[in-house]
Amino acid sequence: MIECHNKTLLLDLCGRNPVKYRHIAHSLHSPSPRWDEAMSSGAPRPAPTYFVDDPENISLIAQVIADKVLLAGETKSAIAEGLGDWCRRISPTGVATTEAAIRVLLSDTLEINEWGEHASYTADPNTFQDKSSYPVERLCIEKKPAWLRFLDRRKADGSMEAENVVRSLARDFDFVTVGLPVDCYAVLQEGEITGAATVNAFTRDCDEISALYVEPQHRRKGVASSLLAAASKETFARGKLPAYFAGGNPPSLQRLLAGLGFSQNSYFWEWRFWW
């Protein structure tokens, strides 16, 4: 692997699949450094270093931040001579990849037995199907009382799902109130929020749907479809693609997304990668 400082070349590879390679594209050119700072709670991170397999014909990128490594590119590059040795020299404490073959190589090279697996879905204006059943509002600070009541009801749920989603939704609404590039969508019924979704401006080519939650008693009634449809339409209007990256990958989620014209784009496998 050869160190590369030409961000234009790196972004060109990311542009081949903006959803799959969005994590590297984000670090190369973030839409909002203020959002990055807020996500890291103000703690500075080391600048990324990038490596490629062939500067004249890039098919594999490695992003190194401190001792964390993200490998992305075409599967054929996973068997490139010396990649395993390069990984051993880096000796990362956390790794991630978008490629199944690279995951296998890293498992063997670094003796990794367990991976976190995250599916990414997307749609484009041609495949998207609007399945809206409810009006959806983009929330602003004036809706904070209803928002807090919604979060309080979720806290009472007591489940791990509720705890995780409350954390993400609370953070994202706080970002909205201070002017960061986050949109918070909600369905309100009789003045109360029954479901919400948040979207982050992730790269120049795609926005990430990072949180979605519908109260249990309102599920399977079209609330989630309405939220995702509203978020997707506004993302398309910005000339971007939506990347859905929330809620694991259960069959119920797959059916929901398929009904809106989303399809699975890629996987993101990680081992001790997140800060």
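**Exercise 1. Cavity.** Search the whole structure of this predicted model and state how many cavities of 30 Å³ or more it holds. Then describe the lining of the largest cavity.

*Solution.*
- Step 1. The search returns 1 cavity at the 30 Å³ threshold.
- Step 2. The volume of the largest cavity is about 80 Å³.
- Step 3. List the lining. Leu11, Cys14, Gly15, Pro18 and Ala25 belong to it, as do His29, Thr203, Arg204 and Asp205.
- Step 4. Sort these lining residues by class. The split is 4 nonpolar, 3 polar and 2 charged.

**Exercise 2. Cysteines.** Count the disulfides. Then explain why cysteine 140 has no bond to cysteine 184, and decide whether cysteine 87 and cysteine 140 are buried or partly exposed.

*Solution.*
- Step 1. A disulfide needs two cysteine sulfur atoms within 2.5 Å. The count is 0 disulfides.
- Step 2. Take cysteine 87. Its nearest cysteine sulfur belongs to cysteine 4 and is 17 Å away. Cysteine 87 is in no disulfide.
- Step 3. Cysteine 87 has 3% relative accessibility, so it counts as buried.
- Step 4. Take cysteine 140. The closest cysteine sulfur, in cysteine 184, is 10 Å from its own, which is too far for a bond.
- Step 5. Cysteine 140 counts as partly exposed because its relative accessibility is 36%.

**Exercise 3. Glutamate 114.** Place glutamate 114 among the helices and strands, classify its exposure, and give its C-alpha separation from tryptophan 271.

*Solution.*
- Step 1. Helix H5 covers 100-110 and strand S6 covers 116-122; glutamate 114 sits in the loop between them.
- Step 2. Its relative accessible area is 65%, so glutamate 114 is exposed.
- Step 3. Glutamate 114 and tryptophan 271 are 157 residues apart along the chain, yet their C-alpha atoms are 7.2 Å apart.

Definitions and conventions: Residues are numbered from 1 along each chain as its sequence is written. This is a predicted model: local features need pLDDT of at least 70, side-chain atom pairs count only at pLDDT 80 or more; totals for chains, interfaces and linings use all residues. Side-chain values use heavy atoms; hydrogens and water are left out. Buried means under 20% relative accessible area, exposed over 50%, partly exposed in between (1.4 Å probe, protein chains only). On a 1 Å grid over the protein atoms alone, a cavity is a set of points where a 1.4 Å probe fits but cannot get out, and a pocket is an open set with protein on both sides within 12 Å along at least five of seven lines; lining residues have an atom within 4 Å of a point. Grid points are joined across faces, edges and corners, and a volume is the space filled by probe spheres set on the points. Ala, Val, Leu, Ile, Met, Phe, Trp, Tyr, Cys and Pro count as nonpolar, Asp, Glu, Lys and Arg as charged, and the others, Gly among them, as polar. Helices (H or I, at least four residues) and strands (E, at least two) are DSSP runs, numbered from the N terminus.
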